[in-house]
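Thank you all for coming; I would like to walk you through one structure, slowly. Please have a look at it before I go on.

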Amino acid sequence: MPAQPMGRFHGAVKHRPMGDASVIWAECDPCRGRRGASEIASTTQASIGVLFILDGREKLSHPNHDAFVEAGQFTLWDTTRPLRFAVPERLRKLTLMLPTKLIAPTLRTLPRWRRVFDARQGCGALLSAQLRTLAGMPEGLDATSQQVALRSTLELLMAAISVQSGVSSSPSARIVARARAHITRHLSEPDLNVESTARALGLSRRQLDRAFAEGGQSASRLIWSMRLERCRRDLLLEPRSTISEIAFRWGFSDAAHFSRAFRAAFAMSPSQYRRPRP
């Protein structure tokens, strides 16, 4: 991504691997640049960048929208799409680079109006603190620890994005956001369902269903799709875990039923999905 410094320029970058992902710490003086066709063509793996601003500000211009990100906030960008950036003052930032295949299905279910997220409270703050710790470790992590850290980082990211994407003046949207947060926390529990979620929120099943329906969604479908997505992700992240272990971890109680559900969702069996592509 070529950068054009505004006068005398100083910059530094530090990289830490984290399983299939990486954490990049960077600081720089004011500059501007772009990611165009040549940079996109040279990309070896489609990735999502999760950009946290520690100090300063940055403007990211995508084809259809701009994101103005300040200290204490984060945003997402896609390595397969053109991007322009402008840094008006001294900047320190962290970027979590994730293979798109790990999170794309989940991101597609989120509202598109939300572009910038809060990293100062809730799961956003926990995620920011974890990335700071990883970036600051002198020796980094061994391979096993990297995979553990990646799993927990993905959980925090999805929780932070899901909850904040539901923030709205609409009472139904607030209910859906609370339900998403509850479902995310309890997704591995086999008895999690729409009824238990409604009880935890102090609502009736009918009230919860109505709140989801106003947004064209379904609480049962959300639980189902989130469980399948976690299984799909862990099939990629954990080649030594059996398919049954992964299915039971995320609330499925029958391996054959899980395999049928996985095939219906992803057009292939879990073993086929895990098999390396040529």
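**Two cysteines without a bond**

Let me begin with C31, whose sulfur lies 4.0 Å from the closest cysteine sulfur, that of C28, which is too far for a bond. A disulfide here is a pair of cysteine sulfur atoms within 2.5 Å, and by this rule the count comes to 0 disulfides. I should say at once that this is a predicted model, in which local features need pLDDT of at least 70 and side-chain atom pairs count only at pLDDT 80 or more, whereas totals for chains, interfaces and linings use all residues. Residues are numbered from 1 along each chain as its sequence is written, and side-chain values use heavy atoms, with hydrogens and water left out.

Are these two cysteines buried or exposed? Buried means under 20% relative accessible area, exposed means over 50%, and partly exposed lies in between, with a 1.4 Å probe and protein chains only. C28, with a relative accessible area of 12%, is buried, and C31, at 3%, counts as buried too.

Now to the sheet, where helices (H or I, at least four residues) and strands (E, at least two) are DSSP runs, numbered from the N terminus, and two strands pair if DSSP finds at least two bridges between them. The open sheet has 6 strands in the order β2-β3-β10-β5-β8-β11, with antiparallel pairing. Its edge strands, each pairing on one side only, are β2 (11–18) and β11 (116–118). Within this sheet, β5 (residues 47–55) and β8 (residues 73–78) pair in the antiparallel sense over 5 bridges, and F52 stands opposite F74 in β8.

T95 sits in strand β10 (residues 91–99), and at 8% relative accessibility T95 counts as buried. Contact means heavy atoms within 4.5 Å; leaving out residues up to four places away in sequence, T95 touches S22, V23, I24, G49, V50, L51 and W77.

Finally, the helices. The expected span of a helix is 1.5 Å times one less than its number of residues; for the 16 residues of α5 (residues 171–186) this should give 22 Å, and the end C-alpha atoms are 23 Å apart, which agrees. Several residues of α5 are buried, among them I175, V176 and I183. As for α8 and α10, which residues meet? W224, L228, E229, C231, R232 and L235 in α8 meet H257, F258, A261, F262, A265 and F266 in α10.
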